[in-house]
Amino acid sequence: MKPPMRVAIIDDNQVYRFIAKKLIQRAAPWATLIELHDGQQAIDFMLPRRDQPSELPGLILLDINMPNLNGWQFLDELRKIRIATYRPTIYIVSSSNSPEDIDAAATYPEIKGYLTKPLQMTVIEGLLAEL
């Protein structure tokens, strides 16, 4: 049996969240999924749990363009929280394949990779296998 894993899908697109959730459930039925519709909701989820890193997602699939706090702003706020020993694996998942977005992602050392939508099962399986 695989160890417990928490996966956060941070995206304002409800259809994408549904599809990503189904793919992850098929690839990792033992995973706990956390659906958050924007960066602010994600920060609001994490703040009260900052003293309990085991309650936080180990894998974050993060959209860039969202209301309230976009993906970049979320990353900046996450840095400010400074949760001891918490180092999630973060992938940008975006419909944009803009060189500017890809270059911006490279400036954040906490970002493991940049994926474009729609996600495929083989991509999900590959990134889960790396955890």
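In this predicted model, D63 lies in the loop between β3 and α3. Helix α3 spans residues 71-81. The relative accessibility of D63 is 5%, under the 20% limit, so D63 counts as buried. Residues up to four places away in sequence aside, D63 touches I10, D11, D12, G71, V93, S94 and K117.

The same loop between β3 and α3 also holds N68. Here the accessibility is 61%, over the 50% mark, so N68 counts as exposed. The backbone of N68 is also notable. Its phi is positive, at about 65°, although N68 is not a glycine. Most residues other than glycine have a negative phi.

Strand β3 belongs to an open sheet of five strands. The strand order is β2-β1-β3-β4-β5, and the pairing is parallel. Strands β2 (32-36) and β5 (111-116) stand at the edges. Each has a single partner strand, so one side of each is left without a neighbour in the sheet. From one strand to the next, the twist averages 20°. Strands of a sheet pair through backbone hydrogen bonds, either parallel or antiparallel.

Which strands does β3 pair with? One partner is β1, where residues 6-10 pair with residues 59-62 of β3 in the parallel sense. Four bridges make up this pairing. Within it, V7 stands opposite L59, and I9 stands opposite L61. The other pairing joins β3 to β4, again in the parallel sense and over four bridges. There, L62 of β3 stands opposite I92 of β4.

Both faces of β3 are covered. L59 and L61 are buried on one side. I60 and L62 are buried on the other. In a regular strand the side chains alternate between the two faces of the sheet.

Strand β1 is mostly covered as well, with four of its five residues buried. Besides its pairing with β3, β1 runs parallel to β2, and five bridges join the two. The bridge partner of I10 in β2 is L36.

A8 is placed in strand β1. Is A8 buried or exposed? Its relative accessible area is 0%, under the 20% limit, so A8 is buried. A8 and L33 are 25 residues apart in sequence, yet their C-alpha atoms are 6.0 Å apart in space. Neighbours within four places in sequence are left aside in the contacts of A8. The remaining contacts are I34, L36, P57, L59, I60 and L61. Of these, L59, I60 and L61 are among the buried residues of β3, and L36 is the bridge partner of I10.

Helix α5 (residues 121-129) lies across three strands: β3, β4 (89-94) and β5. The helix runs at about 145° to β3.

The loop between β5 and α5 includes P118. A cis peptide bond joins K117 and P118, with omega about 0°. Most peptide bonds are trans. K117 is also one of the residues that D63 touches.

L119 lies in this loop between β5 and α5 too. Its relative accessible area is 8%, under the 20% limit, so L119 is buried. Residues up to four places away in sequence are again not counted in its contacts. L119 then touches Y16, L23, L61, V93 and I124. One of these, L61, is a buried residue of β3. Another, V93, is also touched by D63. L119 and V93 are 26 residues apart in sequence. Their C-alpha atoms are 8.1 Å apart in space.

The second largest pocket holds about 220 Å³ of space. What lines the second largest pocket? Its lining consists of L78, R79, R82, I83, Y86, R87, P88, I90 and E110. By class, five of these residues are nonpolar and four are charged. No polar residue takes part in the lining.

Technical notes
Residues numbered from 1 in each chain as written. Predicted model: local features only at pLDDT ≥ 70, side-chain atom pairs only at ≥ 80, totals over all residues. Heavy atoms only, no water. Pairing = 2+ DSSP bridges. Axes fitted to C-alpha atoms, helices over the stretch in contact; angles between N-to-C directions. Contact = heavy atoms within 4.5 Å. 1 Å grid on protein atoms, 1.4 Å probe; cavity = no way out; pocket = protein on both sides within 12 Å on 5 of 7 lines; lining within 4 Å. Points joined across faces, edges and corners; volume = space filled by probe spheres on them. Nonpolar A, V, L, I, M, F, W, Y, C, P; charged D, E, K, R; others polar. Buried < 20%, exposed > 50% of the residue type's maximum accessible area, 1.4 Å probe, protein only.
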